[in-house]
Amino acid sequence: MQMKHIFHGLILWFPSLTVVGDDIKCNHVEEKTAVQLHFVWSPNDNARAKVMISLNEAEMALCYLEPTKCKAFSKLTKATIKSTPTQRYEITVSVLGVKSSGYWKVQYINEADAKNDRVCKFIMFARAKDLKCQSLSTEEIHIYCFSKRIYPSAACYLNYTGSKENYISEGRQLHSQDTLRHETHHLTSTCTFVKPASIATTDTFTAVVTMFPNISGSLNNIMYGTSVSVLVTLSKPFIKFENCPEEVDLGAAVDCLCSVEGLEPVNAMFRWYNTDTNAVISNKSRLTFVATEQSKEFSCVFEDVLNKRNLSLTYVLHVNNSQNFHTSISTINSSYK
């Protein structure tokens with residue numbers, strides 16, 4: 001699955017930039033950890049060559065060729081330089097206390113050949129905190145997840161036993177970032193999954209939801225994810241008959257109750273039909289009548305208008321006016337929408 005179809009509208013960037021001769025690299029940064037720059041320098045023969053390393057336009061360190069050393073400009077900054085067998089120099093700079101995304105800049109000083117500044121952008125992220133998920137339906141896979149904090153935005157990954165697909169959901173942010181002040185806001189986010197379920201009657205399984213910071217629009221960001229398990233219980237509603245005799249004698253009173261299992265019949269209607277004439281013979285769940293030779297098949301229909309749901313089941317009664325009359329109750333023409 002290509003994430004670019006899921007995370008629309010994002011500005012994508014690459015965490016490292018490589019140029020001929022000099023290499024610069026910086027990675028995604030988790031909150032409250034040091035921001036790091038790795039720079040491989042191939043200076044010319046000028047012994048006076050230097051590089052100035054800045055973070056968000058603030059000078060962090062100055063590294064010299066002779067003597068080979070780096071000077072950090074704050075107590076929260078560490079800078080080192082070491083030579084390599086290939087006459088290159090590896091420079092590492094780390095800074096604590098950075099609170100937002102930004103960029104590094106490397107400027108060349110006293111280089112014989114003019115070199116353009118090298119820039120490397122990075123994004124600071126926060127993992128999902130206090131992630132909670134719950135199943136909201138017994139008729140379909142409907143899972144809702146909520147996190148008090150995640151940055152820069154959220155994405156969710158759903159997996160469960162028996163699924164041949166892995167589902168991705170883009171998180172919905174409930175707060176925004178203060179871009180004018182360049183501050184990291186830990187956004188409250190939600191994720192929702194709604195999938196149809198094919199079940200016979202009932203099913204119970206465990207689904208695992210992973211919420212992760214959507215740093216670059218890639219599923220690889222799931223390595224920074226937080227996971228929770230959700231118990232999903234699905235139950236397909238069905239009609240059943242209670243106290244409905246399989247066989248009665250001619251002239252006997254019949255009292256048959258139509259009920260629904262796995263569903264609360266709120267704002268719903270029951271109807272009984274004579275299947276021969278298709279006429280409504282009762283608008284209640286209970287059907288009462290006197291058995292005659294014409295008493296054959298009756299259909300109970302449950303209609304939930306609000307949720308656009310219909311269930312039906314046919315009751316077949318045989319009236320015994322002969323000792324050899326075989327009687328039974330059968331269930332036919334059952335449907336669920």
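Student: Which residue is the bridge partner of Ala61 in β7?

Tutor: Good place to start! In this predicted model, Ala61 has Ala72 of β7 as its bridge partner. That bridge belongs to the link between strand β6 (residues 58-64) and β7, where four bridges join two antiparallel strands.

Student: What makes β6 and β7 a pair of strands, and how many bridges join them?

Tutor: Pairing requires at least two bridges between the strands. Four bridges join β6 to β7, so the requirement of at least two is met.

Student: And what makes β5 and β10 a pair?

Tutor: The requirement of at least two bridges applies here too. Strand β5 (residues 50-55) and strand β10 (residues 102-109) have six bridges, in the antiparallel sense, so they count as paired. To find one of the bridges in your viewer, look at Lys50, whose partner in β10 is Ile109.

Student: What is the pairing of β10 with β11?

Tutor: Strand β11 (residues 118-122) pairs with β10 over five bridges, again antiparallel. On this side, Lys105 stands opposite Val119 in β11.

Student: In what order do the five strands of the open sheet come?

Tutor: The order is β7-β6-β5-β10-β11, with antiparallel pairing.

Student: Why are β7 and β11 said to stand at the edges?

Tutor: β7 (69-72) and β11 each have a single partner strand, so one side of each has no neighbour in the sheet. As for the twist, neighbouring strands in this sheet are turned against each other by 20° on average, with direction ignored.

Student: Which residues of the largest nonpolar core touch the most other members?

Tutor: They are Phe39, Trp41, Val51, Ile53, Ile91, Trp104 and Phe122, out of 29 residues in that core. At least two core residues come from each of β4 (35-41), β5, β6, β8 (77-83), β9 (89-95), β10 and β11. There is also a second, separate core of 22 residues, including Cys258, Phe270, Phe298 and Tyr315.

Student: Why might nonpolar side chains be buried together?

Tutor: As a general tendency, nonpolar side chains in soluble globular proteins are buried together.

Student: What makes Cys63 and Cys70 a disulfide?

Tutor: Set the distance against the cut-off: their sulfur atoms are 2.1 Å apart, and the limit is within 2.5 Å, so the pair qualifies. The link is right-handed, with 105° about the S-S bond. Both cysteines are buried.

Student: How far apart are the sulfur atoms of Cys133 and Cys145, and why is that disulfide called right-handed or left-handed?

Tutor: Their sulfur atoms are 2.1 Å apart. The torsion about the S-S bond is about 115°, so the disulfide is right-handed. The two ends sit 12 residues apart, with Cys133 in strand β13 (residues 132-135) and Cys145 in strand β14 (residues 141-151). Cys133 and Cys145 are both buried.

Student: What is the sulfur distance for Cys244 and Cys256?

Tutor: The value is 1.8 Å, so by the 2.5 Å limit the pair counts as a disulfide too. With 80° about the S-S bond, this link is right-handed. Cys244 lies in the loop between β21 (238-242) and β22 (247-249) while Cys256 is in strand β23 (residues 253-261), so the bond ties together parts that are 12 residues apart in sequence.

Student: Why does Cys244 count as buried or exposed?

Tutor: Its relative accessibility is 14%, and buried means under 20%, so Cys244 falls in the buried class. For Cys256, a relative accessibility of 0% leads to the buried class as well.

Student: How many disulfides does the count come to, and what pattern do they follow?

Tutor: The count comes to six. Numbering the bonded cysteines along the chain, the pattern is 1-4, 2-3, 5-6, 7-8, 9-10, 11-12.

Student: How many helices and strands does the protein chain have?

Tutor: The chain has zero helices and 30 strands. Buried residues make up 41% of its 337 residues.

Student: What is the average pLDDT of the protein chain, and what share of residues score at least 70?

Tutor: The chain averages 81, and 77% of the residues score at least 70. Please read two stretches with care: pLDDT is below 50 over residues 1-20, and it stays under 50 over residues 323-337.

Technical notes: Residues are numbered from 1 along each chain as its sequence is written. Side-chain values use heavy atoms; hydrogens and water are left out. pLDDT is the predictor's confidence in each residue, from 0 to 100. Contact means heavy atoms within 4.5 Å. Axes are lines fitted to C-alpha atoms, for helices over the stretch in contact, and angles run from 0 to 180 degrees between N-to-C directions. A nonpolar core is a set of buried Ala, Val, Leu, Ile, Met, Phe, Trp, Tyr and Cys residues joined through side-chain atoms within 4.5 Å. Buried means under 20% relative accessible area, exposed over 50%, partly exposed in between (1.4 Å probe, protein chains only).
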